[in-house]
Structures are given as structure tokens and as C-alpha cells.
Amino acid sequence: MPLVPMKELLDRAEQGKYAVGAFNCNNMEIVQAIITAATKENSPVIVQASQGAIKYAGIDYIVALTRLAAEAAPVPVALHLDHGTSFEQVMLCIAKGFTSVMIDGSKLPLEENIKLTNRVLDVARATGVTVEAELGKIGGTEDDITVSEKEAQYTDPEEAAYFVEKTGADALAIAIGTAHGQYKGEPKLDLERLEKIRSLTNVPIVLHGSSGVPDEAIREAVKRGVRKVNIDTNVREAFMAEVKRVLTANPNEIDPRKTLGPAREAMTEIVREKIRLFRG
């Protein structure tokens with residue numbers, strides 16, 4: 001079916017009290033793995049591309065691959081820009097066919113974040129595109145965006161309420177203890193903060209940096225209002241682990257299909273596992 005706005009998926013998730021998995025893509029095999037997993041689980045899914053993915057694969061390839069896969073899939077698929085940091089980049093993605101965008105103004109002062117988010121919303125509303133915003137700084141590195149432990153800040157519930165009131169964003173990414181990339185220890189989510197934010201904002205909450213978060217913590221976060229869970233690192237880990245396994249067993253292998261094919265299967269399985277987890 002055609003790509004759909006992410007809001008449609010989040011509205012259904014709110015009704016069903018589950019979360020939709022959002023998985024980052026960088027190439028054809030990852031897109032195929034995400035859509036195959038969603039199809040096998042009969043689940044909606046969000047394919048998202050970061051600035052690094054767009055730089056690597058090219059925006060036209062990302063859109064074409066995802067659109068082709070979605071049109072052949074029996075489940076609804078949204079194409080989302082992950083961590084857009086400029087108005088111009090977000091506008092390009094909307095023009096190219098993304099059905100959802102994230103404008104990440106979390107490094108800006110609160111009023112400037114609101115102003116930038118509203119500028120994006122003015123255009124997105126007219127085109128039917130979903131807008132995710134971010135408040136609070138999530139630590140770690142995702143492609144070209146790095147937030148140090150010192151810079152990382154938990155989202156203030158009162159600020160979140162004010163931000164949502166002033167913007168009306170469709171979804172809000174918050175910082176409650178997750179981080180981008182691989183964790184050095186076990187992350188501890190501030191579930192009470194999450195519950196407070198949700199009670200004051202009543203919008204779908206997005207959990208970034210969810211790879212490596214214990215399953216039970218994810219389940220509890222979904223119970224408290226998380227409706228979109230971002231996964232990137234776990235998919236990359238599955239991809240590379242299988243490539244290394246194949247090449248270790250067959251060091252003279254020169255056919256990329258013999259390495260990328262098994263890697264695609266490994267990614268499919270991890271995506272299926274996460275989709276089942278997000279159902280709560």
C-alpha cells in the first residue's frame with residue numbers, strides 16, 4: 001500500500017495501547033528486512049532515515065526503496081526523517097515524499113525550539129505530513145549528531161507541557177535515560193518522569209536510543225504512553241555479526257549476496273523480535 005503519515009500509525013497505537021517500531025535504514029537489505037519483518041508480524045512499521053543515511057545512500061534512493069517496499073507490503077508503512085536539525089533539510093524530505101519528519105531543536109533554547117517546530121508544522125500541516133519534535137537532550141552519538149554525558153538533559157515535565165501547548169506537535173521525543181549507540185552499562189529509565197510528562201501533554205511519546213534497553217523497561221515505558229520506539233544499533237549489530245560469521249567461515253567469499261543475504265535474514269529476525277516486544 002502507499003506510504004502513510006506516521007500519525008495514522010500512532011493514533012492506532014494509542015487506541016491499542018502499544019508502540020510502533022521505528023527502524024533506521026541505510027541500504028536495500030535493511031529496508032527489505034524491516035518490511036519483511038513487519039509483514040510476517042502483520043504489524044505497522046516506521047522506516048526512518050537519519051542525516052547520515054541520506055548522505056550515504058542519497059535521499060532519492062531512500063525514498064524509492066522504501067516506497068517500492070511499502071507498495072508491495074500488506075501492512076501500513078511510514079517513511080520518517082530521524083533527527084532533522086534544519087528547516088531546509090526537513091522541507092527537502094517533505095518535498096521528496098517523506099510522510100513524517102522529526103525537527104530536532106533540542107539543542108536550542110526552549111522558545112527557539114518552539115519557533116522552529118512551529119515553522120515546520122505550518123508547512124507539514126498543509127501537506128499531511130506528521131511532525132515529531134524533541135525536548136531534552138538524549139546522550140550518545142547518532143551519525144553526525146553527538147550529545148555528551150555532560151550535555152545530556154532529562155526532559156522537564158512542565159516544559160514539555162508548555163512546549164506541546166505552544167506547538168501541537170504530533171509526537172514528542174523525550175529524554176528519560178536512554179542514549180544513542182551502544183551502552184556501556186544497563187540504562188535506567190526514569191519511568192516516573194515519563195508518566196508525568198504523558199499526563200501533562202497527552203501526546204504520543206517517542207523513545208530514542210532504545211537498543212540495549214532491557215525488555216521489561218520497554219514494556220513498562222509502553223504501558224506509560226510511549227507509542228514509538230526507535231531502534232538502530234541492534235539492527236546494525238545483527239547485520240555485522242552475521243557478515244563477520246559468514247566471512248570467518250568462508251574467508252575467500254567474494255559474492256556479496258552470500259554475505260548480505262544472511263545478514264538481511266538476521267536483521268529480519270531482530271526486527272520481528274522488537275515488534276513483538278513493543279506490543280506490550
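Visitor: In this predicted model, how many bridges join E5 to strand E8, and do the strands run parallel or antiparallel?

Guide: Pairing between strands is read from the bridges that join them, and in this case four bridges join E5 to strand E8 (residues 171-174), the two running parallel. To fix the register, one looks for residues that face each other across the pair, and here Ala133 stands opposite Leu172 in E8.

Visitor: Which strand is joined to E5 by four bridges and spans residues 100-103?

Guide: That is strand E4, which also runs parallel to E5, with Val101 standing opposite Val131 in E5. The connection can be followed as well, since E4, helix H6 (residues 110-127) and E5 make a right-handed β-α-β unit.

Visitor: How many of the residues of strand E5 are buried?

Guide: Burial is read residue by residue and then taken over the whole strand; in strand E5 (residues 130-135) six of the six residues are buried, so the strand is largely enclosed by the rest of the structure. Looking at the two faces separately, Thr130, Glu132 and Glu134 point one way, while Val131, Ala133 and Leu135 point the other way, and all of them are buried.

Visitor: What does Ile94 touch, apart from residues up to four places away in sequence?

Guide: Contacts of this kind show which parts of the chain meet, and Ile94, placed in helix H5 (residues 87-96), touches Val101, Val123, Ala124, Thr127 and Val129. Ile94 has a relative accessible area of 13% and is therefore buried, the cut-off being under 20%. As for separation along the chain and in space, Ile94 and Gly128 are 34 residues apart in sequence and 9.7 Å apart, C-alpha to C-alpha.

Visitor: Which side chain of opposite charge is nearest to Lys274, and how far away is it?

Guide: For a buried charge one looks for a partner within the salt-bridge cut-off of 4 Å; the nearest side chain of opposite charge to Lys274 is Asp215, 4.6 Å away, and Lys274 is buried yet has no salt bridge. Lys274 lies in helix H11 (residues 256-278) and, leaving aside neighbours within four places in sequence, is in contact with Phe23, Ile231 and Asn234.

Visitor: How many disulfides does the structure hold?

Guide: The test is the distance between cysteine sulfur atoms, and the structure holds zero disulfides. Cys25 is in none, and the cysteine sulfur nearest to that of Cys25, belonging to Cys93, is 11 Å away.

Visitor: Are Cys25 and Cys93 buried or exposed?

Guide: Cys25 counts as buried at 1% relative accessibility, and Cys93 is likewise buried, with a relative accessible area of 0%.

Terms used. Residues are numbered from 1 along each chain as its sequence is written. This is a predicted model: local features need pLDDT of at least 70, side-chain atom pairs count only at pLDDT 80 or more; totals for chains, interfaces and linings use all residues. Side-chain values use heavy atoms; hydrogens and water are left out. A disulfide is a pair of cysteine sulfur atoms within 2.5 Å. Buried means under 20% relative accessible area, exposed over 50%, partly exposed in between (1.4 Å probe, protein chains only). Contact means heavy atoms within 4.5 Å. Lys and Arg count as positive and Asp and Glu as negative; His and the chain ends are not counted. Two strands pair if DSSP finds at least two bridges between them. A crossover is right-handed if, with the strands pointing away from the viewer, the path from the first strand over the helix to the second runs clockwise.
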